[in-house]
Amino acid sequence: MSRILSLCLVLLASLCLAATAQAEEISNDYFSLNVPDGWQKTISPTQANGAMVVLAQNPKEKLAVSVSITPVKMSARQLAEATAHNMQSGGWTVSAPVQQGNSFTIDCQQQGKNIFGVSYFTSNGERGSVVTILGPSASQIAKGKLFVQENLKPADAKLFPSAY
């Protein structure tokens with residue numbers, strides 16, 4: 001399962017160009033995500049092995065956001081540790097998981113590239129969520145956090161962080 005999450009992160013980091021899309025809302029059983037003007041849904045909600053993945057980007061701000069829901073009965077800490085390990089194997093520099101409320105976070109940087117990120121891991125006991133924000137600098141990551149805070153609306157508050 002963490003390989004799926006690692007693949008999502010790689011896809012997210014690799015996205016450079018996408019077709020222009022109008023503002024819309026993506027809704028599923030777990031969350032709704034408003035994709036306002038300036039943002040593009042780069043990958044429609046997809047499911048693989050029971051995991052749901054949504055990717056959005058803002059080309060002007062050079063920001064990308066991934067929201068993944070996985071059917072794993074792992075704690076948020078276990079999910080963060082497994083994903084961090086796989087990311088390190090994939091060429092990322094990753095911090096140790098840090099608890100933030102009911103979630104764990106990791107900071108990451110793709111080695112040799114100007115791509116920084118933060119991932120939030122949360123679990124409700126039946127499913128885990130991973131929200132990843134990638135950008136070229138800390139100030140851009142802050143803009144991505146604001147985007148997520150304002151536009152991601154969880155259906156189950158236990159499955160997402162209370163703040164980004």
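Q: Which residues point the other way from strand 4 when A51, V53, L55 and Q57 point one way?
A: Let's start with strand 4 of this predicted model, which covers residues 51-58. Its side chains fall into two sets, and the residues of both sets are buried. That fits the count for the strand, where eight of its eight residues are buried. With A51, V53, L55 and Q57 on one side, the set pointing the other way is M52, V54, A56 and N58.

Q: In strand 5, which residue is the bridge partner of M52?
A: Strand 5 covers residues 63-70 and runs antiparallel to strand 4, with seven bridges joining the two. M52 is one of the buried residues of strand 4. Look across from M52 to strand 5, and its bridge partner there is I69.

Q: Which residue takes a positive phi in the hairpin of strand 4 and strand 5?
A: This hairpin has four residues between its strands. Most residues other than glycine have a negative phi, so a positive one is worth a look. Here a residue that is not a glycine has a positive phi of about 60 degrees. The residue, found in the loop between strand 4 and strand 5, is K62.

Q: Is K62 buried or exposed?
A: To decide, you need the relative accessible area, since a residue counts as exposed when this is over 50%. For K62 the value is 60%. Because 60% lies over that cut-off, K62 is exposed.

Q: Which strands stand at the edges of the open sheet of three strands, each with a single partner strand?
A: The strand order in this sheet is 1-2-11, and the pairing is antiparallel. A strand at the edge has a single partner, so one of its sides is left without a neighbour in the sheet. On average, neighbouring strands here are turned by 15 degrees against each other, direction ignored. The edge strands are strand 1 (24-27) and strand 11 (152-154).

Q: In strand 2, which residue is the bridge partner of I26?
A: Strands of a sheet pair through backbone hydrogen bonds, either parallel or antiparallel. Strand 1 and strand 2 (residues 31-35) run antiparallel and are joined by four bridges. Follow I26 across to strand 2, and you reach its partner, L33.

Q: What span should the 14 residues of helix 3 have at 1.5 Å a residue?
A: Helix 3 covers residues 138-151 and lies across strand 2 and strand 11, at about 45 degrees to strand 11. Its expected span is 1.5 Å times one less than its number of residues. The end C-alpha atoms of helix 3 agree with the expected value, which is 20 Å.

Q: Within what arc do the buried residues of helix 3 fall, seen down its axis?
A: The buried residues of helix 3 are Q140, I141, G144, F147, V148 and N151. They line one face of the helix, whereas the face turned away from the buried side carries the exposed residues A138 and E150. Among the elements covering the buried residues are strand 5, strand 9 (116-123) and strand 10 (128-135). Seen down the axis, the buried residues of helix 3 lie within an arc of 110 degrees.

Q: Which residues of helix 2 are exposed on the other side from its buried ones?
A: Helix 2 covers residues 76-89, and its buried residues are A76, L79, A80, T83, A84 and M87. These fall within an arc of 125 degrees, so they line one face of helix 2. On the other side, the exposed residues are H85 and S89.

Q: How many residues apart in sequence are the parts that F31 and F160 tie together?
A: F31 and F160 form an edge-to-face aromatic pair, 5.9 Å centre to centre and with 80 degrees between the planes. Both of these residues are buried. F31 lies in strand 2 and F160 in the segment after strand 11, so the parts they tie together have a separation in sequence of 129 residues.

Q: What is the centre to centre distance of the aromatic pair Y120 and Y164?
A: Y120 sits in strand 9 and Y164 in the segment after strand 11, 44 residues apart. Both Y120 and Y164 are buried. Their planes are 75 degrees apart, which is edge-to-face, and the centre to centre distance is 4.9 Å.

Q: What share of the 164 residues of the chain counts as buried?
A: Finally, step back to the whole chain, which has three helices and eleven strands. Of its contacts with a separation of 6 or more, 50% join residues 24 or more positions apart. The share of the 164 residues that counts as buried is 45%.

Conventions: Residues numbered from 1 in each chain as written. Predicted model: local features only at pLDDT ≥ 70, side-chain atom pairs only at ≥ 80, totals over all residues. Heavy atoms only, no water. Buried < 20%, exposed > 50% of the residue type's maximum accessible area, 1.4 Å probe, protein only. Pairing = 2+ DSSP bridges. Axes fitted to C-alpha atoms, helices over the stretch in contact; angles between N-to-C directions. Contact = heavy atoms within 4.5 Å. Arc of directions from axis to C-beta. Phe/Tyr/Trp six-rings, centres within 6.5 Å; stacked < 30°, edge-to-face > 60°.
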